[in-house]
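The following note is offered for a colleague who wishes to read the model alongside its sequence. The points are numbered so that each may be checked in turn.

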Amino acid sequence: MSWLSIIALALQTAVGFQAASYALGAVGLNLQFGYTGLSNFGHVGFLLVGAYGMAISADRGWPLWVGLLLGVGAAIVLGLLLGIPTLRLRGDYLAIVTIAAAEILRLVANARPSEPLTGGSPGIGGLTSKLGFFRHNFFPERRYAIGNSFVFTDRQLWSMMWAWGLAILATLLIRRLIRSPWGRVIRSIREDEDAARALGKNVVVYKLQSFILGGTIGALAGALIALDDGSVTPDRWIAPFTFALYTVVILGGAGTVWGPIVGAAVYWFVLQAAEGILKNLWFDVGETMIGAIRLAIMGLGLAALMVFRPQGILGSKKEMLASGR
Amino acid sequence: MAGSSELSTVAAEPGVDKPDEILVADGVTRRYGGLTAVNVDHLSVQRGVITALIGPNGAGKTTLFNLLCGFDRADTGRWSFNGKTASGVKPYQLARRGMVRTFQLTKVLGRMTVLDNMLLATPNQRGESMVQALIPGAWGAQERAARSKAMDLLQRFKLEALANEYAAGLSGGQRKLLEMARALMADPSLVMLDEPMAGVNPALTQSLLGHVTALRDDGMSVLFVEHDMDVIMKISDWVVCMAEGRIIAEGRPADIAGNDAVIQAYLGIDRNAPRGD
């Protein structure tokens with residue numbers, strides 16, 4: 001494998017479905033963390049309910065849109081359940097409660113008694129045939145390639161179209177909201193919520209709105225991942241997924257409009273490039289080692305970013321300095 | 001001023017009622033463990049005047065202040081603002097009813113521009129509803145009006161050149177000015193200032209004094225906590241002195257200057273006590 005093909009594969013991954021689904025999930029997290037200053041350490045819990053909403057609905061033979069509504073509805077309920085008691089308290093409580101709730105959801109989905117609903121540890125499969133997500137695919141069935149290395153199947157293009165489409169739509173929605181007076185209140189809460197209170201803003205309601213909207217966007221990402229995978233298993237929704245989304249948000253620039261999208265592309269480019277390089281060294285690095293080392297490289301990259309460009313790729317240096325108070 | 005001339009017939013004694021009250025509090029207490037930080041039997045604040053809340057360190061001024069505007073929870077007590085119950089009311093609701101406060105340690109919103117800091121305070125913004133925010137037509141006109149009002153206020157406070165700078169870049173004094181200007185954006189009827197002159201250089205103190213008296217001249221009521229006696233004597237129409245959580249004296253500045261209880265509270269000596277020589 002040449003250097004060029006390693007780069008090409010990394011680029012392909014950077015625009016692929018996985019990057020798009022991470023981007024969508026990160027758009028939601030960016031609203032909560034980047035703009036509102038909410039430390040949601042259980043964002044994966046929202047993705048989980050989105051995915052299981054889709055899977056459970058499919059398991060009962062209901063159509064795709066019902067599954068989508070189920071997932072979004074579950075995300076709203078989850079947001080209310082977690083948000084109402086914790087958003088009136090100090091920020092740390094939200095962090096503790098969300099990370100615990102996401103773990104509880106995953107363990108409950110995994111547990112034997114919930115098998116009739118969630119399928120337990122093997123999860124729910126066969127979504128592709130049950131929901132017919134790919135049946136509407138209008139890309140003719142063939143391989144689409146630029147050169148020899150930049151190759152997508154028609155199915156991949158279909159998933160990518162939906163995921164990037166939703167990620168961009170969600171980004172445009174957030175951009176519109178953030179540039180409105182609503183967004184001004186949201187940003188003021190990140191800066192100092194007592195000041196916002198003293199100026200007549202019902203801070204708890206705004207935090208709840210941001211938390212639920214961000215969670216709903218996360219649930220959409222989860223639902224898309226379920227559709228693309230064709231199955232839902234509990235062990236996909238582990239805490240490191242949340243931290244990967246945090247990495248995406250911080251890479252791109254927390255509190256920037258396009259940060260999550262750029263961050264997701266860069267995140268997957270780096271992971272894939274690292275893997276490509278590790279596979280083509282003059283000595284053999286085992287497959288399991290590669291998985292671990294590429295994450296370590298990502299970690300080093302993030303640390304380097306914090307030192308040289310703490311505002312992220314798209315963040316403004318001036319704004320970052322302003323937060324130093 | 002009308003408000004202050006009405007005060008000329010009021011007796012200078014603790015807990016005295018005022019002819020035109022904007023704020024009335026009864027039986028307000030706040031305890032921290034065994035310590036009673038605030039224990040105020042009756043406080044009445046006249047409308048349209050500058051009332052100073054003074055007292056030595058630990059007298060309970062700031063605690064009382066925080067209780068009145070809802071930022072701290074009282075153990076007992078009821079108070080009303082503009083004739084309506086204000087005890088147990090959330091701070092944001094009091095702010096909407098016209099009681100707007102500033103903070104001893106200024107709370108400017110650092111990663112927002114000076115102009116955004118101002119615009120945030122605009123009351124009843126349609127665009128602050130999540131749904132209407134999506135339709136710029138629903139709030140565009142209101143936003144333009146708020147913007148011109150904000151620029152006028154910034155001009156009055158000599159901050160207009162900094163309108164598009166991040167508030168974090170302001171000096172300590174400019175932050176005090178911004179916080180006061182921002183409070184005015186909210187169209188308050190009672191401005192509550194928590195040590196507005198703390199840590200401010202003498203030249204800026206003069207300018208802040210001018211701004212505070214301008215608030216009164218524009219028809220607002222001002223209640224402020226302050227340490228600096230010169231400031232208090234110069235601008236306040238009425239002075240309330242606290243010590244150990246209680247109101248120990250009230251009156252016009254001249255009454256307070258010669259009040260034995262006040263001098264004793266500040267200096268810790270009793271002038272009438274027999275000398276030990």
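1. The structure is a predicted model. Within chain B, helix α2 (residues 61-68) lies across strands β1 (21-32), β2 and β4, and runs at about 115° to β1(B). This helix is mostly covered, since eight of its eight residues are buried. Among them are the nonpolar-named positions Leu64(B), Phe65(B), Leu67(B) and Leu68(B), together with Lys61(B), Thr62(B), Thr63(B) and Asn66(B). Just after α2(B) comes Gly70(B), which takes a positive phi of about 85°.

2. The strands crossed by this helix belong to an open sheet of chain B, in which four strands follow the order β2-β1-β4-β5 with antiparallel pairing. At its edges stand β2 (35-46) and β5 (84-85) of chain B, each of which pairs on one side only.

3. The link between β4 and β5 of chain B merits separate attention. Strand β4 (residues 76-81) is joined to β5(B) by two bridges, and the two strands run antiparallel. Phe81(B) stands opposite Lys84(B) of β5(B). The loop between β4 and β5 of chain B holds Asn82(B). Asn82(B) has a positive phi of about 55° although it is not a glycine. Most residues other than glycine have a negative phi. Asn82(B) counts as partly exposed because 15 other C-beta atoms lie within 10 Å.

4. A second open sheet of chain B contains six strands in the order β6-β7-β8-β3-β9-β10, and its pairing is mixed. Its edge strands are β6 and β10 (246-251) of chain B, each pairing on one side only. On average, neighbouring strands of this sheet are turned by 20° against each other, direction ignored.

5. Within the six-stranded sheet, β3 (residues 50-54) and β8 (residues 221-225) of chain B pair in the parallel sense over four bridges. Ile50(B) has Val222(B) as its bridge partner in β8(B). Helix α8 (residues 202-217) of chain B lies across β3, β7 (190-194) and β8 of chain B, at about 145° to β8(B).

6. The loop between β7 and α8 of chain B contains Glu195(B). The phi of Glu195(B) is near 45°, a positive value in a residue other than glycine. Is Glu195(B) buried or exposed? Glu195(B) counts as buried, because it has 20 C-beta neighbours inside 10 Å and the cut-off for a buried residue is 20 or more.

7. Chain B is divided into domain 1 (2-107 + 188-267) and domain 2 (109-169). The centres of domain 1 and domain 2 of chain B, taken over C-alpha atoms, are separated by 29 Å.

8. How many residues does each chain bring to the contact? Chain B gives 29 residues and chain A gives 26 residues. On the side of chain B that touches chain A, the elements giving two or more residues are α3 (91-96), β6 (99-101), α4 (114-120), α5 (130-133) and α6 (136-156) of chain B. The largest share of that side, four residues, comes from α3(B). The residues on this side of chain B divide into 17 nonpolar, five polar and seven charged.

9. In chain A, Leu81(A) lies in helix α4 (residues 64-86). Leu81(A) counts as exposed because it has 12 C-beta neighbours inside 10 Å, and a residue is exposed at 12 or fewer. The C-alpha atoms of Leu81(A) and Leu208(A) are separated by 10 Å, although these residues are 127 residues apart along the chain.

Key:
Residues numbered from 1 in each chain as written. Chains lettered and ligands numbered in written order. Predicted model: local features only at pLDDT ≥ 70, side-chain atom pairs only at ≥ 80, totals over all residues. Pairing = 2+ DSSP bridges. Contact = placed C-beta atoms within 7 Å. Axes fitted to C-alpha atoms, helices over the stretch in contact; angles between N-to-C directions. Domains from an automatic or database assignment.
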